Amino acid sequence: MAQKVAVLGTGKIGEALLSGMIRGGWAPADLLVTARRPERAAQLRERYGVDAVTNAEAAAAADTLILTVKPQDMGTLLTELAPHVPADRLVISGAAGVPTAFFEERLAAGTPVVRVMTNTPALVDEAMSVISAGTHATGDHLRRAEEIFAGVGKTLRVPESQQDAATALSGSGPAYFYFLVEAMTDAGILLGLPRDKAHDLIVQAAIGAAVMLRDSGEHPVKLRENVTSPAGTTINAIRELENHGVRAALLAALEAARDRSRELASGNG
Ligand SMILES: NC(=O)C1=CN([C@@H]2O[C@H](COP(=O)(O)OP(=O)(O)OC[C@H]3O[C@@H](n4cnc5c(N)ncnc54)[C@H](O)[C@@H]3O)[C@@H](O)[C@H]2O)C=CC1
Ligand SMILES: O=C(O)[C@@H]1CCC=N1
């Protein structure tokens, strides 16, 4: 019989994963979802043809449980779930910050737990999902997690000690690029371009740069140097970025995100 997977707390990330799994060929009959509100459960049933059940029913029926509630809601969910999760279930947490030990302490002894930090480009199959094993998770459990998340993009295994840093870089990462696009589009307005044209120019620059970063094999410094002509336009912009401390701001920003991920470890934010 096919493995059954349940997504518990199907919000933005849970739905991104669910939709990716279905695009990747998972049969809706092998997938279950849970949601707090009945209207949300009905919406998920309607959109994906999956069964929406209670958390306890999901724990009884599915081989793999993927928990995608907010870190602050994880303790409550685990209190509700713990009596219903047999120790042979694979429990995957998608929450920022919360360590595998938090789950292991609350679930039956020996329950395998895998921690995954994915990101919203899962919606377009371009996620990066960073995967770590808890104490009782074997190579097979890691492979099962990889099989699920490979459907929505790339996967990378790291020791759990690197998860807070990975969350700062990769989980939150797309937001930094959206922020830059938003700011550069405003700059286009400042320079007199209509908003829609400024948006298109910056988005295409971002896509072109991203594809070159991924495919050219060149270091980012070399790629930037290739754009930066002597006494040209780009170096004037770079001087202003350095004058305004953008590099230092990025170092501080990612450190702050890493620190917040560490704070979320207690599961009560
Ligand atoms: N949004 C993002 O870019 C990323 C989020 N994450 C992680 O994914 C998790 C979810 O984040 P989002 O999807 O953004 O949040 P969200 O708020 O969209 O989704 C969480 C869902 O869980 C539901 N929920 C809460 N308690 C529940 C319970 N006891 N039973 C059933 N459903 C319950 C809520 O109603 C909500 O729909 C968080 O732990 C976050 O750290 C990870 C990577 C990226
Ligand atoms: O901001 C957050 O806490 C979540 C986790 C990573 C991305 N979004």
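**Exercise 1. Classify the residues around ligand 2 by polarity.**

Solution. The shell around ligand 2 holds 1 nonpolar residue, 3 polar residues and no charged ones. The model is a predicted one. Next, put names to the classes: the surrounding residues are Ala96, Thr167, Gly171 and Ser172. Ala counts as nonpolar, and Gly is placed with the polar residues. Ala96 is therefore the nonpolar member of this shell.

**Exercise 2. Describe the surroundings of ligand 1: which residues come nearest, and which elements contribute to the shell?**

Solution. Start with the residues. There are 25 around ligand 1, and Gly9, Gly11, Ile13, Ala95 and Ala96 come nearest. Then turn to the elements. Helix H1 (12-23) and helix H4 (71-81) each give two or more residues to the shell. H4 supplies the largest share, 4 residues. Last, sort the shell around ligand 1 by class: 12 residues are polar, 9 are nonpolar and 4 are charged. Ala96 appears again here, among the residues that come nearest to ligand 1, and Ala96 also belongs to the surroundings of ligand 2.

**Exercise 3. State how the chain is divided into domains, and characterise the contact between them.**

Solution. First set the bounds: domain 1 covers 5-158 and domain 2 covers 173-263. Second, take the separation. The centres of the two domains, taken over C-alpha atoms, are 33 Å apart. Third, list the contacts: 5 residues of domain 1 are in contact with 5 residues of domain 2. On the side of domain 1 that touches domain 2, the residues divide into 3 polar, 2 nonpolar and no charged.

Notes
Residues are numbered from 1 along each chain as its sequence is written. Chains are lettered from A and ligands numbered from 1 in the order in which they are written. This is a predicted model: local features need pLDDT of at least 70, side-chain atom pairs count only at pLDDT 80 or more; totals for chains, interfaces and linings use all residues. A residue is near a molecule or strand if its C-beta atom, placed from the backbone, lies within 6 Å of it. Domain bounds come from an automatic or database domain assignment. Two residues are in contact if their C-beta atoms, placed from the backbone, lie within 7 Å.
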